[in-house]
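Welcome, and please open your viewer. This tour suggests what to select at each stop and tells you what is there.

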Amino acid sequence: MDTEGSPKGTIAFRLFGIPIYITPFTWLLLAILGGGFGMRSANDLRDLALFVVIGMVTLIVHELGHALAGRAFTGGTPVIVMAGLGGATYQEKRPEKGWQYFLMVLAGPLATLLPGMVAAVVLGLRIGHVADAHQLYLFGLPFIDYDLPYSLRWDFATSGVTEIELAAYGLAMAISFVWGVFNLLPMFPLDGGRLLGTLINNERVASGIGLVLALAFAVWSLAEGVWFNVLLGGYLAYINFNFLRATGAGAQGE
């Protein structure tokens, strides 16, 4: 596997026989998303490093979900390229049946949930509450902190789990859950947009819905003062608008 033609600094390797390329731009965007411009202390640097590493692992797991499902349905050799905020899985051919394509797309968001689930189980083992790992994942550290049951809070206090471990587990759960759910929103190029287009068999309508939702997300983010999300909403709106135009032109040309 070689990186000829890829940006300088691209990392190349294989997992499960699937070539994976990680471009430097992906690391940069993860650092920005993780608050790289707002660091004020050594703890901030630690949290940023954890965010970038865990975020990259989560993105790769997501794309592996697409790639492994696609390979199972088509028999081809997919290629994963991490370039930008996320990645892309290139398949040699699209699955022939609609339900296979739907499952291939869905496999990405489902795989995104795995790192958080693993983190919850490992943390549950560390504190002796593995049976309550689902509480940690869905309602625990990333979201309601001090509303955990007393027994869980007590076992946190007595387990010897270090601060950096707790930060890593919490980030893994939060990134996994939030990114997995966000990716299911019905907007292109998110997987939710492709799933909706497949379900209703009309990508033009799906891109129109995506455009409305993206604009609403951008406006809401502006009202909340979350400027990164304003830019993200604007980008998603731009993608869906262009997709709407392209599908409209294709329909007129038929």
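Start by selecting Tyr 21 and Val 81: Tyr 21 stands opposite Val 81 in strand E3. Strand E3 covers residues 79–82, and three bridges join it in parallel to strand E2. Helices and strands are DSSP runs (H or I of at least four residues for helices, E of at least two for strands), numbered from the N terminus. Two strands count as paired if DSSP finds at least two bridges between them.

Before moving on, note that this is a predicted model, in which local features need pLDDT of at least 70 and side-chain atom pairs count only at pLDDT 80 or more, while totals for chains, interfaces and linings use all residues. Residues are numbered from 1 along each chain as its sequence is written, and side-chain values use heavy atoms, with hydrogens and water left out.

**Second stop: the other partner of E2**

Keep Tyr 21 selected and add Ala 12, which stands opposite Tyr 21. Ala 12 brings you to strand E1, residues 11–15, which pairs with E2 in the antiparallel sense over five bridges. Select Leu 15 too; its bridge partner in E2 is Ile 18.

Is strand E2 enclosed or open? Five of the five residues of E2 (residues 18–22) are buried, so the strand is largely enclosed by the rest of the structure. Buried means under 20% relative accessible area, exposed over 50%, and partly exposed in between, using a 1.4 Å probe and protein chains only. In a regular strand the side chains alternate between the two faces of the sheet. Colour Ile 18, Ile 20 and Ile 22 for one side of E2, and Pro 19 and Tyr 21 for the other: all are buried, and both faces are covered.

**Third stop: the turn**

Now select Phe 16, in the loop between E1 and E2. The hairpin of these strands has two residues between them, and Phe 16 takes a positive phi near 55 degrees there. Most residues other than glycine have a negative phi, and most peptide bonds are trans. At 57% relative accessibility, Phe 16 counts as exposed.

**Fourth stop: Leu 30**

Select Leu 30 in helix H1. With a relative accessible area of 0%, Leu 30 is buried. Add Val 52: the C-alpha atoms of Leu 30 and Val 52 are separated by 5.5 Å, although the residues are 22 apart along the chain. Leaving aside neighbours within four places in sequence, Leu 30 is in contact (heavy atoms within 4.5 Å) with Phe 51, Val 52, Gly 55, Met 56, Leu 59 and Trp 179.

**Fifth stop: two histidines**

Go to helix H2 and pick out His 62. At 9% relative accessibility, His 62 counts as buried. The side chain of His 62 reaches the backbone oxygen of Gly 108 at 3.1 Å. Beyond four places in sequence, the residues His 62 touches include Thr 112, Asn 183 and Asp 191.

His 66 is also found in helix H2. Which backbone oxygen lies 2.9 Å from a polar atom of the side chain of His 66? The backbone oxygen is that of Met 104. His 66 is buried, with a relative accessible area of 4%. Among the residues that His 66 touches are Thr 89, Asp 191 and Arg 194.

**Sixth stop: the largest pocket**

Select Leu 85, Gly 86, Asn 183, Pro 189 and Leu 190, which lie nearest the centre of the largest pocket among its 41 lining residues. A pocket is found on a 1 Å grid over the protein atoms alone: an open set of points where a 1.4 Å probe fits, with protein on both sides within 12 Å along at least five of seven lines, and lining residues have an atom within 4 Å of a point. Helix H9 gives the largest share of the lining, six residues.

While Pro 189 is selected, look at its link to Phe 188: this peptide bond is cis, with omega near 0 degrees. Pro 189 lies in the loop between H6 and H7.

**Last stop: Asn 201**

Finally, select Asn 201, in the loop between H7 and helix H8 (203–224). Phi of Asn 201 is near 55 degrees, a positive value in a residue other than glycine. Asn 201 counts as exposed, at 70% relative accessibility.

Zoom out to finish: the protein has nine helices and four strands.

Conventions
A polar contact is a pair of N or O atoms within 3.5 Å; within protein, one must be able to donate a hydrogen and the other to accept it, and residues adjacent in sequence count only if both atoms are side-chain atoms.
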